[in-house]
Every structure is written in C-alpha cells, then in structure tokens.
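Have the sequence and the model open side by side. The walk below goes from the interior to the strands, then to single residues.

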Amino acid sequence: MPTIRLSAIMFTDIVGYTAMMQSNREQAMTAVKQFEGVLRDRITVHSGQLLQTYGDGSLSTFESASAAVLCAKEIQEQIRDQVPLRIGIHLGEITRDGDHIFGDGVNIASRIESMGVAGAVLVSSSVRQQIKNRPEFEVVSLGKFAFKNVAEPMTVYALANEGFVVPEAKEMKGKGQKVPEKSSQKFVIRMASIGFLAMAIGAGLFWTLGYKNTGEKQLLPADIREEKVAVNVFENFTGDPNLDALGYLGSEWISSGLRELKVRTVSPEMVRQNKDKVGILPDDPENKFSFAEITGAKYVITGSYYLQDDSILLNTRLSSTETGDELKNFPQLKGHRDQKEQLIEDARQYLLGYWVLKRDLKLPNINPPKYDAYQHFLNCLPNSISCYEEVLKIDPDFLFARINLMGASTVSDHPAYSSNKAFIEER
C-alpha cells in the first residue's frame, strides 16, 4: 500500500554523457563504473537508499537533508576531477510504493538537478533550512526559480565549499526559469524617495553628521575622490537569506552619504540592476558591456559580510572598474547581528571619512531605518498606501516610507498626505 513520508531526494547526472558515449565509449563506460562505485559506497555510509540508476544518473532518498548533502559533498570530492557530475537535492513529501517513489518532491528534486553544472551541488530552500547551522556546509543563493506545476517560485542554493562549482545564471539551462527581481518597481520607489527627499532637504532638514575620520592621512588621493564611484550591493556570506537586505541597505545608505558630500555616485537602483557586471572590465573578450561603460563609474566600493557567533563582520574595498585592481582594503567593521542598522551607519560614517576631512559639514538628520522595516519597504509596490502603512507600524520614524506614503496619498487624496507632510516638516 502506498505511503506518504518526508524524505530528502537526491538526483545525480553525468554531464555530457551522450556526447561522451559518441566520442569515446570506453571512456564513458569507465566514468559510469567509477561513478556508480563511489555512489553506492557513499549512500550506504550515510544510510540512504539507492532506488534507481539509469546509466548516467541515479535517484536516491535519505532520512535527513544533512545526510543527503553530506553524501553529495563526499561524492563530488571523490570524483569531480574524473567525472563531470551534477547533483540536486530537495526535502519534501513523496509517495512511496515499494521501491518506487513519485510526487511533487521527486519532480522538484529532478528539476533542481537539471539546472546544475559539472562539479555543482544544488539544493532547495527546504534543504538549506535544515543545514543552515551546520558549519561544514557553505551555501550561496542563486536566486528564485519558477518550476512547471509548482505553485510558487523557489530559492535555489549552491554548495560553495572550496573546490565546488557555483554556477552562473547564464549556465543554468535546466527545467527552471529564473524569476527576475522587482527592479522596475524598486526603481519607481527609489526615484520617488530621492525626489521627495530633495524637497525635504530644501525645506531645511539639515543636521551635523559627525562622521568619523582619523586624520588627513586617511583621505583617498584627490584624483580618486573627484571621480564617479559606485557602491555595489554587498555580498551575503552568512548563509542566512533573511540578511540579504543588509547588502542592499549598505549600498543605498553609503551612496546617499557620498551624494551629500557632492561625490559623483551611481544611483543605487542602477547599481542593483548591474551588480553582477562589476567584474566585467572594458575590452571584454566576449564583447560584454563593462560595469564602467554602463554606469560611468571609474571606481566601485564592494563588500561582503559574514557571521561570527552573534556578530556580523563587514569587509569593504575600493577597486578600479577599468583594471579590476584593488586600490584600498578598508578596515573590517564588526557589529552585533541585532544591531544591523548601527553597523551600516558605522560603515557609512567611516567610509565618508576617506572622502572628506571637514567635521562641520551639515547633512540630513536621517537615521537608518529599522532593518525589518527596510525589508518590508523593498517589496512595496509604487503607490501602495497599505504597504507603506505596514512599514511605518514597524518603524514610525522611517522617513523614506513617510515620503513615499505622502506621494502615494497625493494620488488618491488620502488623509495620510497631510499627517505625513506635517511629520516631515517637523523634522
């Protein structure tokens, strides 16, 4: 009688097996034999069940997600230099009838595996949730993907331990369609924020920033400070997708500080749309447009952040967009993970000290929003009064949200317009 249970499902596949058979049958058969030997050994060690092999691939199940990922990791480590293998894992419900399994969990695992490349292990968000506190697994998000007959898009992750391949978006050719970010919506939000913020500044919202600067020796050379700079979205290496918004907040908050210093900067939205092109340099051999050509920025600030116990470590650096050379590696900053806003404000104040030395500069008295409010704000649609009101329930002092709510309520003649206008004018 068929039974339903929760299992970790693992699919494996030898990449390019058909072409290998056509060009060198003996080599292909040797690869399959080596693959199956390692596969059976590792599955047995990790108490899995090998349900099916089909020449160049396999289907197996495990009692836990961590056992499946550890098995996949060890398989790749043993044969990745000899056999071009890709692996996909999903934790979900399956229907089992003897040695046969079927159901959505099986379909999703198969589709995740199909998007991989040789040397990669891809996992679903349900797997990532189970292994997020296991230090032996390093994972990075590849974005959200829509799968056929699956109701909602799903985030796919790649194992990123040393030696493992993390596929680029252009390489992922399988049975999933990447879901684009809501950049067009965010662009409207950002432009509204900047426009209304300029009005607020014009109304007299100035205050002393009090940024940190250890002295003239810390200043960047004048020829760098006078050029256009971009602040890229900081990379999240914490393994926690709930911290993704921190990278966007860092880019936006530091950019806004540089703009107030009259530094020529690239808009955060343009940076967001082209963040994956930062490594592309002029005269690219594949004729791709470089980050410098698209944005006009000669320099770029990039960053990454990690977890250390209850702290977040933030690393930032300045590089040339024309040569790729790293020009300045800024000191590492550290903040408690429950004080993310303060960490970003500290980073802004510290980095501004490399562009200016004056201590009496007047800047808008606008504190970073509460992190949860900023996360919610990023997903608000233009003119969505209810969404901005939800944001303000989290952080009533979030000025950008009030500015956008005022703009949205103008369109609908909503009473929120006058109350938010009064709040902004009081600031």
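The paragraphs that follow take up cores, strands and a few chosen residues.

This is a predicted model, in which local features need pLDDT of at least 70, side-chain atom pairs count only at pLDDT 80 or more, and totals for chains, interfaces and linings use all residues. Residues are numbered from 1 along each chain as its sequence is written, and side-chain values use heavy atoms, with hydrogens and water left out.

Start inside. In soluble globular proteins, nonpolar side chains tend to be buried together. A nonpolar core here is a set of buried Ala, Val, Leu, Ile, Met, Phe, Trp, Tyr and Cys residues joined through side-chain atoms within 4.5 Å. Buried means under 20% relative accessible area, exposed means over 50%, and partly exposed lies in between (1.4 Å probe, protein chains only). The largest nonpolar core holds 50 residues. V229, L258, L318, W355 and F398 touch the most other members. Several elements give two or more residues to this core, among them β11 (229–231), α8 (244–260), β13 (299–308), β14 (311–320) and α14 (399–412). Such elements are DSSP runs numbered from the N terminus: helices (H or I) have at least four residues, strands (E) at least two. Helix α8 gives the largest share of this core, 7 residues. A second, separate core has 35 residues, including M20, F62, C71 and L91.

Now look at one hub of the largest core, L318. What does L318 contact beyond its neighbours within four places in sequence? Contact means heavy atoms within 4.5 Å. The partners of L318 include L220, I224, V229, Y299, V300 and I301. D325, E326, L327, K328, F330 and W355 are also in contact with L318.

L318 lies in β14, so follow that strand next. Is β14 buried or exposed? 10 of the 10 residues of β14 are buried, so the strand is largely enclosed by the rest of the structure. In a regular strand the side chains alternate between the two faces of the sheet. S311, L313, N315, R317 and S319 point one way from β14. I312, L314, T316, L318 and S320 point the other way. Both sets are buried.

Which strands pair with β14? Two strands pair if DSSP finds at least two bridges between them. β13 and β14 are antiparallel and share 10 bridges. Within this pairing, T302 has R317 of β14 as its bridge partner. β14 also pairs with β16 (residues 333–336), antiparallel, over 4 bridges. There, L313 is bridged to K334 of β16. A further antiparallel pairing joins β14 to β15 (residues 326–329) over 3 bridges. S319 stands opposite E326 in β15.

Two of these pairings are hairpins. β13 and β14 form one with 2 residues between them. β14 and β15 form another, with 5 residues between them, and G324 in that turn has a positive phi of about 80°.

The turn between β13 and β14 deserves a stop. D309 sits in this loop. Its phi is positive, about 60°, although D309 is not a glycine. D309 counts as exposed because its relative accessibility is 73%. K262 offers another case, with a positive phi near 70° in a residue other than glycine. K262 lies in the loop between α8 and α9 (268–273). With a relative accessible area of 71%, K262 is exposed.

Go back to β14 for a polar residue. N315 is in this strand, and its 17% relative accessibility makes it count as buried. What does the side chain of N315 make a polar contact with? The partner is the side chain of Q332, at 2.9 Å. A polar contact is a pair of N or O atoms within 3.5 Å; within protein, one must be able to donate a hydrogen and the other to accept it, and residues adjacent in sequence count only if both atoms are side-chain atoms. Leaving aside neighbours within four places in sequence, N315 also contacts T302, G303, S304 and Y306.

Other strands follow. β1 (residues 3–14) and β4 (residues 85–97) run antiparallel, joined by 12 bridges. F11 has G88 of β4 as its bridge partner. β1 also pairs antiparallel with β3 (residues 57–62) over 6 bridges. A8 stands opposite F62 in β3, and F62 belongs to the second core.

End at V156, in β8 (residues 154–159). V156 counts as buried, at 0% relative accessibility. The C-alpha atoms of V156 and G143 are separated by 6.1 Å, and the two residues are 13 apart along the chain.
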